[in-house]
Amino acid sequence: MSAQKPPTKTQSVSYGIVGQSIDQVERSVPENEPPPLPANASLKVIGKPVDRLDAVQKVTGKARFTFDVQLPGMLFARRVVSSVAHARVVSVDTSEAEKHPGVRAVHVLNQPLLQHAQLRDEKAEAARYPTIRYFGQPIAGVAAESQRAADAAARLVEIVYEALPHATTLEEAMQEGAPLVFPGPTEQPSTAGGGGAPPGLPQRGNVRGPDTGQMFGLPRGDAAGAVRGADVVVDAEYRTQVQTHVPMEPHAMVADWREDSLTIYASTQFTTSVRDEAADMFELPKSKVRVISDFTGGGFGAKYGIGNFGLLAINLSRKAGAPVRMVLDRREEHVSSGNRPDSLQHLKLGATRDGRLTAIELESHGSGGVAAGAGVGFAHALMYPCANVSQQQYDVFTNAGPCAAFRAPGQVQGIFALEQSLDELAHQLGIDPIELRDRIDTGPTDDARARKVERQIGAEKIGWSARRAPNADGGAVKRGMGMAQSQWVSVIHPPTSCEVRITDDGSVEAFTSAQDVGTGTRTVLAQVVAEEFGLRADEVGAHIGDTRYPSGPPSGGSRVTGSLTPAARNAAYRAARELAGRLAPALEANADDIVFEGGRVGVRGAPATWMSFKDGVKKAGVTEISHRAVRQDDYEGYMMSLPQFAVGRHGIGGVQFAEIDVDTETGSVKVRRLVAVHDCGRPINPKLTESQIYGGVIQGLSYALYEERHLDPTSGIHLNANIDQYKIAGSREIPEIEVHILEQLGGQSSTDARGVAEPANVATAAAIANAFFNATGKRIRRLPLTPANVLDALRA
Amino acid sequence: MNPQGSTPNENDAAVSGPGAGILTLVVNGRTVQAMADPGATLAEVLRYGLGLTGTKIGCDRGACSACTVWLDGEVAASCMTLALDARGRQITTIEGLGDGATLHAVQRAFVEHDAMQCGFCTPGMVMSCAALVQRNPACTLDDVKAAVSGHLCRCGTYPNVFKATLAAAAQLRRSAADAEGRR
């Protein structure tokens, strides 16, 4: 297979951290690549805290979410879900529901469910209806003229079950002889949203694996031997809980099935995945399926594809001949739309007395309910150079709702354990935790270089030099300080494409099918385009969230800005150069001397030639100029590359510091301060970047202290499936948070942008747990830090 | 009265329902009518009866405050308010904040301080913060935290909500001082 490589040229690009050290390095880049951008200080729009372009729509209520889409004749849908945790469905009687006033369609799911693991041998379980494997699993859907009618009719669907024994907890399901969630081995191909599990792994009972990390070059050396021979060993067991996503806009779709086309309004992180899955499931050409997503009210990993709710919505729309609105209610959202799996991790670290890491040995089990994907990330393999590393990561199936990718899937759980064990190692060695990281975080990649600087900045901001010995306070309330490091990969969506168009009146527009889940896709897109034309960001039309536009990336894996902005800049650059070429004769100048600046265009050094951008377009006699560019590969290529998914050679770092108070009498923990120092390549918009880092830190704090799904083991019922029962950090729990963002130029693309959403969420829980040790002298190895878990840890 | 006991016109009888009847409300200063049965919440009527979709529903039980509106100037969870109970009251929704052409000081500050990410909780947040600064332009950080303590923002944009609201309050104080100076 020989992919057509474009001809290349050698280009000198800046490499390093602005304000620290910048070198010029040579890169081989595609011949049509624009010249490299200078540091942000020399730019007009990129790197500036531009207001979010759709901010006014959001503060005035005009932003139209899928939740708000109202079409003529639109019906409202409700799902029928199981009231048992594990059962064969004997019969489904919809006759009463169909007779209910206002009901227009009923549909019963009769195919394997999406988002669930699938039996390798589907004949192992031949049945008319999918087997129920968790309490709240969707069975059918009803569409009616009002939501109330749909809700009432859904309750009239009669289901007869043949009950099977169930197992809802990780430990229970791991036991020999535990009730089997699946009657045979399973597969779960990864989807656009990530997740999934490596194919072909062994499965014994409910336990599938191990994943030995082959993908990341593991095993390496002899971890067990190196642990035995180490000067110092840290051997510890960690437990993390199930967390639910709780996007403020629940999973939502309005499906409009017509004779000749299907239009889907979707609250999604990836419009393309909705189109492709709908086309696949309903055997439609992709050209007949259009997906529109003006605004998505949060996703955090769980909003990919059409989902089972979408499968129902589309079927109902087809049956009723009318648009159907399917929005999960808050309970359904908690129970069945995804979660972060729990984990039970046994981690051993070995080190020399002078603080060199010699061994990492990990065994982990986690449960994503009826879905696979409960690994604990890749930090063990990639973060710290270490000659002896082995991992055995297992999925354990339970009768619980399926997991989904969730902001740094796996990595959040894995780093909670790894960074706490390193803190313990530092303590045992009598080395400052920052000094230990300086000794072991020595990899050649950009994330390691960034973290070195981030440790210094963060230490200064939090006042690390004033950090005391563990358990220094004599009273009941003890204060402590801790730090932990973050790591994420630089994920690129190779097919990312963007069109930039100039119209005769001077309008400039950019088009991509990428959506905005709240990160500011429109804004960063407009900024990179505006920079090329010397315009303001708000003078560029940024059109997103429609599969009729060129293919954009998913909002997941921290990949939108790093994937989209180089394509957008390249398209804008080519359009600007074509415009300059068309203007050149009129201005009697060389096109290379024509520049765009401050809303004007003219010949460099010839003030008399300057005119407004609009007049320039008119003078050039342009009807329309259009250029489309695709995301070129990273200049140094990828660590791993598939047609739809590539991982850069350099990762994304981040270091976080926490100062907390622990009340040792009540077990309550209060976070006083958090300092988050992060890198994201070139920050395109520091204001929006800061917002995302706040978000990551607050979700991390919330995960560390409060959030936990509770299932009743007897019934399998999710006991806290609403906002008043599932505690999430709110305004009163928000500490003082200080964010600092590096500007790091990696010399890998025409914008050098990378992501930040995930790394911002990775280190927080570990930083808080390490602060807990500093406060109390005790380790807390179980999340969340609720009073019960805290008091247990203090008594240990 | 028809056999279902529904009242085609709210003025005809003291008893409403169970079917839908015409409901008259005052929303954003305008008298409007919608069909609603007695079980309908104000949030439902605003969104599906009147097309005012700026008011969101995040939980349907008063636990997330995405549905916050003003009733006679006081914040209320519209998902926990029966539409019938809003009769005769001045209802203000996000669409009616400010004077239409210009943004309210809190809305401007939210834009400037990026006090939003996905934006789904934003209308509710804005309504509570705007009520706070109007009631108490001298509000402190603790006051802002208390005012939005019932609001859930899953994107975690609280720090900017705090900054924006305090900035808007300061702006209102300056405007008030200027007006005082001109008198």
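Guide: Two strands count as paired when DSSP finds at least two bridges between them, and in this predicted model the residue A:V254 of strand 14 offers an example, with A:Y265 as its bridge partner in strand 15 of chain A.

Visitor: What makes strand 14 and strand 15 of chain A a pair, and in which sense do they run?

Guide: Five bridges join strand 14 to strand 15 (residues 262–266) of chain A, and because at least two are required, the two count as paired. They run antiparallel, and a hairpin of four residues links strand 14 to strand 15 of chain A.

Visitor: How do you know that strand 14 of chain A also pairs with strand 17 of chain A?

Guide: Strand 14 and strand 17 (residues 324–327) of chain A share four bridges in the antiparallel sense, which meets the requirement of at least two. Here A:V254 appears again, with A:R325 as its bridge partner in strand 17 of chain A.

Visitor: Why is strand 14 of chain A called largely enclosed?

Guide: Six of the six residues of strand 14 (residues 252–257) of chain A are buried, so the strand is described as largely enclosed by the rest of the structure. A:A252, A:V254 and A:D256 point one way, A:M253, A:A255 and A:W257 point the other way, and all of them are buried. In a regular strand, side chains alternate between the two faces of the sheet.

Visitor: Why does B:L25 count as buried?

Guide: B:L25 has 23 C-beta neighbours inside 10 Å, and because the cut-off is 20 or more, the residue falls in the buried class. B:L25 lies in strand 1 (residues 21–27) of chain B, and apart from residues up to four places away in sequence, B:L25 touches B:V32, B:A86, B:R87 and B:I91. By contrast, B:L25 and B:A167 stand 142 residues apart in sequence and 34 Å apart in space, C-alpha to C-alpha. Over the 183 residues of chain B, 52% count as buried.

Visitor: Which residues touch the most other members of the largest nonpolar core?

Guide: The largest nonpolar core holds 250 residues, and those touching the most other members are A:A77, A:V142, A:A143, A:V324, A:I768, A:F772 and B:C129. The element giving the most to this core is helix 18 (residues 764–776) of chain A, with nine residues. A second, separate core has 47 residues, including A:F511 and A:L587. As for A:A143, its contacts beyond four places in sequence include A:A77, A:R104, A:A150 and A:V324.

Visitor: What makes strand 22 and strand 35 of chain A edge strands?

Guide: Each of the two, strand 22 (477–485) and strand 35 of chain A, pairs on one side only. Their open sheet has four strands in the order 22-33-34-35 in chain A, with mixed pairing. At one end, strand 22 and strand 33 (residues 655–663) of chain A run antiparallel and are joined by nine bridges, with A:E659 in strand 33 as the bridge partner of A:M481. At the other end, strand 34 (residues 669–678) and strand 35 (residues 736–741) of chain A pair in the parallel sense over six bridges, with A:V739 in strand 35 as the bridge partner of A:A676.

Visitor: Why is the unit made by strand 34, helix 16 and strand 35 of chain A called right-handed?

Guide: The unit is a right-handed β-α-β unit built from strand 34, helix 16 (residues 686–705) and strand 35 of chain A; the term applies because the path from the first strand over the helix to the second runs clockwise when the strands point away from the viewer.

Visitor: How is the side of chain B that touches chain A made up by class?

Guide: That side of chain B has 19 nonpolar, 12 polar and eight charged residues. In the contact between the chains, 39 residues of chain B meet 42 residues of chain A, and helix 2 of chain B supplies the largest share of the chain B side, four residues.

How values were computed
Residues are numbered from 1 along each chain as its sequence is written. Chains are lettered from A and ligands numbered from 1 in the order in which they are written. This is a predicted model: local features need pLDDT of at least 70, side-chain atom pairs count only at pLDDT 80 or more; totals for chains, interfaces and linings use all residues. A nonpolar core is a set of buried Ala, Val, Leu, Ile, Met, Phe, Trp, Tyr and Cys residues joined through C-beta atoms within 7 Å. A residue is buried if 20 or more other C-beta atoms lie within 10 Å of its own, exposed if 12 or fewer, and partly exposed in between; C-beta atoms are placed from the backbone. Two residues are in contact if their C-beta atoms, placed from the backbone, lie within 7 Å. Ala, Val, Leu, Ile, Met, Phe, Trp, Tyr, Cys and Pro count as nonpolar, Asp, Glu, Lys and Arg as charged, and the others, Gly among them, as polar.
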